Structure formats: C-alpha cells, structure tokens
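Thanks, everyone, for making the time. I would like to walk through one model this morning, starting from its core and working outwards to the helix contacts. Please have a look at the sequence and the structure first.

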Amino acid sequence: MTAEQFKAERQRLGLSQNAMSKRIGVSLQAVYYYETGKRKVPEPVALLLNSQRIYHRLIAEKGSD
C-alpha cells in the first residue's frame, strides 16, 4: 500500500489522522509518516485496511439485495 493509498483510505473512511491511529493501533506520528512516505505502510496495516474495505463492500452489497 502506497502513502497515497493509505491517505485515500483514511479519507474514504472519514477519519482524522488521530482517529485512524486509534483504529489501527499505531501512534499519530506513524500515521503521519505513512501518509508522507517517510515510513512504508507495514503489511499487517495494509491487510487490516484491505480486509475492512472488503467487509464493508460485502455488507453494502448484501444490503442492496
């Protein structure tokens, strides 16, 4: 997951950097570093966000049935 993808996902979720840090269990500084590319987004964080996105998409699809 790139820095741009991470930031876009946070914005899609409507979360501040602080709220995102709490959701994924990292420091606020880590979120800033992920978004600016100073640190690579760790694979477990990327997997967590991807799984949440897939889950919410499935719920939305099921609700439209």
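Before I name any residues, let me fix one term: by a nonpolar core I mean a set of buried Ala, Val, Leu, Ile, Met, Phe, Trp, Tyr and Cys residues that are joined through side-chain atoms within 4.5 Å. What we are looking at is a predicted model, and with that term in hand, the largest nonpolar core in it comes to 11 residues in all, namely Phe6, Leu15, Met20, Ile24, Ala30, Val31, Tyr34, Val41, Val45, Ala46 and Leu49. The elements that contribute two or more residues to this core are helix H2, which spans 17–24, together with H3 and H4. As general background, nonpolar side chains in soluble globular proteins tend to be buried together.

Let me step back to the chain as a whole. It has 4 helices and 0 strands, and from the N terminus on the order of elements reads α-α-α-α. Along the principal axes, the C-alpha atoms fill a box of roughly 45 × 20 × 20 Å. Of the 65 residues in the chain, 25% are buried, and among the contacts between residues at least 6 apart in sequence, 46% join residues that are at least 24 apart.

A word on confidence, since we are reading a prediction. The chain averages a pLDDT of 91, and 97% of the residues score at least 70. Confidence is highest in helix H3, residues 28–36, at a mean of 98, and lowest in helix H4, residues 43–63, at 86.

Now to the packing, beginning with H2 and H4. Their axes lie 11 Å apart, and the helices pack at an angle of about 100°; H2 and H4 are therefore roughly perpendicular to each other. On the H2 side the contact involves Met20, Arg23 and Ile24, which meet Val45, Leu48, Leu49 and Gln52 in H4. Sorted by class, the residues of this contact of H2 with H4 divide into 5 nonpolar, 1 polar and 1 charged.

The second pair is H1 and H3, whose axes are 6 Å apart and which pack at an angle of about 125°. That angle makes H1 oblique to H3. Here Ala3, Phe6, Lys7 and Arg10 in H1 meet Val31, Tyr34, Glu35 and Thr36 in H3, and by class the contact has 4 nonpolar, 1 polar and 3 charged residues.

Two residues from that contact deserve a closer look. Is Glu35, in helix H3, buried or exposed? With a relative accessible area of 11%, Glu35 is buried, and if we leave aside its neighbours within four places in sequence, Glu35 is in contact with Ala3, Phe6, Lys7, Arg10 and Gln17.

The other is Ala3, which sits in helix H1, residues 3–13. Its relative accessibility is 14%, and because the cut-off for buried is under 20%, Ala3 counts as buried as well. Not counting residues up to four places away in sequence, Ala3 touches Tyr34, Glu35, Thr36 and Gly37. The C-alpha atoms of Ala3 and Lys40 are separated by 7.4 Å, although these two residues are 37 residues apart along the chain.

That is where I will stop, and I am happy to take questions.

Methods
Residues are numbered from 1 along each chain as its sequence is written. This is a predicted model: local features need pLDDT of at least 70, side-chain atom pairs count only at pLDDT 80 or more; totals for chains, interfaces and linings use all residues. Side-chain values use heavy atoms; hydrogens and water are left out. pLDDT is the predictor's confidence in each residue, from 0 to 100. Buried means under 20% relative accessible area, exposed over 50%, partly exposed in between (1.4 Å probe, protein chains only). Axes are lines fitted to C-alpha atoms, for helices over the stretch in contact, and angles run from 0 to 180 degrees between N-to-C directions. Angles under 35 degrees count as roughly parallel, over 145 as roughly antiparallel, 65 to 115 as roughly perpendicular and the rest as oblique. Contact means heavy atoms within 4.5 Å. Ala, Val, Leu, Ile, Met, Phe, Trp, Tyr, Cys and Pro count as nonpolar, Asp, Glu, Lys and Arg as charged, and the others, Gly among them, as polar.
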